[in-house]
Amino acid sequence: QVQLVESGGDLVQAGGSLALSCVARGSVFRVYAMAWYRQVPGKQRELVAHVPDNGRPTYADSVKGRFTASRDNRKNTVSLQMNMLKAEDTAVYYCYADLRPGGGQRGDYWGQGTQVTVSS
């Protein structure tokens, strides 16, 4: 059984920084794309950063220049460094991975979500 476990959500003042981390735990054969999404109540989940297994991350326009995503393929982790945070960044942030577990089928996996709250 593979699980994505996120950490790092917190309450932070506008203009501050926060780092999120996500690790794929369990028997993982291969991780393809990883990504960060966020969701606020009443709205659709939106893509924040997409991190391919080879290539540069891409970002939502709303976070370009402020957020930086990176991954460690040896550790099956993906991180999101968030700088110059704004009140509108407040959301539950979800880690996503397209992966193949050991002895299993390739599929989509989601973390449980971590709350980021930015006070203005």
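How many bridges join β4 to strand β5 (residues 46–51)? There are 5, and the two strands run antiparallel. The points below set this pairing in the context of the whole chain.

1. Basis of the note. The model is predicted: local features need pLDDT of at least 70, side-chain atom pairs count only at pLDDT 80 or more, and totals for chains, interfaces and linings use all residues. Residues are numbered from 1 along each chain as its sequence is written, and side-chain values use heavy atoms, with hydrogens and water left out.

2. Secondary structure. The protein contains 11 strands and 0 helices. Here helices (H or I, at least four residues) and strands (E, at least two) are DSSP runs, numbered from the N terminus. In sequence order the pattern reads β-β-β-β-β-β-β-β-β-β-β. The radius of gyration is 14 Å, close to the 14 Å that the globule rule gives for 120 residues, so the protein is as compact as a globular protein of that length. That radius is taken over C-alpha atoms, and the globule rule is 2.2 Å times the number of residues to the power 0.38.

3. Overall dimensions and surface. Taken along the principal axes, the C-alpha atoms fill a box of roughly 45 × 25 × 25 Å. The exposed area of the protein is about 6700 Å², of which carbon and sulfur atoms supply 45%; accessible areas come from the Shrake-Rupley method with a 1.4 Å probe, and for residues only the protein chains shown count as cover. Of the 120 residues, 40% count as buried. Buried means under 20% relative accessible area, exposed over 50%, and partly exposed in between (1.4 Å probe, protein chains only).

4. Contacts and charges. Among the contacts with a separation of 6 or more, 54% involve residues 24 or more positions apart; contact means heavy atoms within 4.5 Å. The protein has 14 positive and 10 negative charges, and their mean positions are 5 Å apart. Lys and Arg count as positive and Asp and Glu as negative, while His and the chain ends are not counted. The place of a charge is taken as NZ of Lys, CZ of Arg, CG of Asp or CD of Glu.

5. Pairing around β4. Two strands pair if DSSP finds at least two bridges between them. Strand β4 (residues 28–39) pairs with β9 in the antiparallel sense over 9 bridges, and Tyr37 stands opposite Tyr94 in β9. Towards β5, the bridge partner of Trp36 is Ala49. The hairpin of β4 and β5 has 6 residues between the strands, and Gly42 in this hairpin takes a positive phi near 85°.

6. Pairing around β11. Strand β9 (residues 91–101) is joined to β11 by 3 bridges, and the two run antiparallel; Val92 has Gln115 in β11 as its bridge partner. Strand β2 (residues 11–13) is also joined to β11 by 3 bridges, but this pair runs parallel, with Leu11 opposite Thr117.

7. Alternation along β11. In β11 (residues 114–119), Thr114, Val116 and Val118 point to one face and are buried. Gln115, Thr117 and Ser119 point to the other face and are not buried.

8. Backbone points to inspect. Most residues other than glycine have a negative phi. Asn76, however, has a positive phi near 55°. This residue lies in the loop between β7 (67–72) and β8 (77–82) and counts as buried at 18% relative accessibility. Met84 likewise has a positive phi, of about 50°, although it is not a glycine. Met84 is placed in the loop between β8 and β9 and counts as partly exposed at 47% relative accessibility.

9. The end of β9 and the loop that follows. Pro101 is in strand β9 and counts as buried, with 12% relative accessibility. Not counting residues up to four places away in sequence, Pro101 touches Val2, Ser27, Val28, Phe29 and Tyr109. The C-alpha atoms of Pro101 and Tyr37, 64 residues apart along the chain, are separated by 21 Å. Gln105 lies in the loop between β9 and β10 (107–110) and counts as exposed at 69% relative accessibility. Leaving aside its neighbours within four places in sequence, Gln105 is in contact with Leu99 and Arg100. From C-alpha to C-alpha, Gln105 and Phe29 are 9.8 Å apart in space, with their positions 76 residues apart in sequence.
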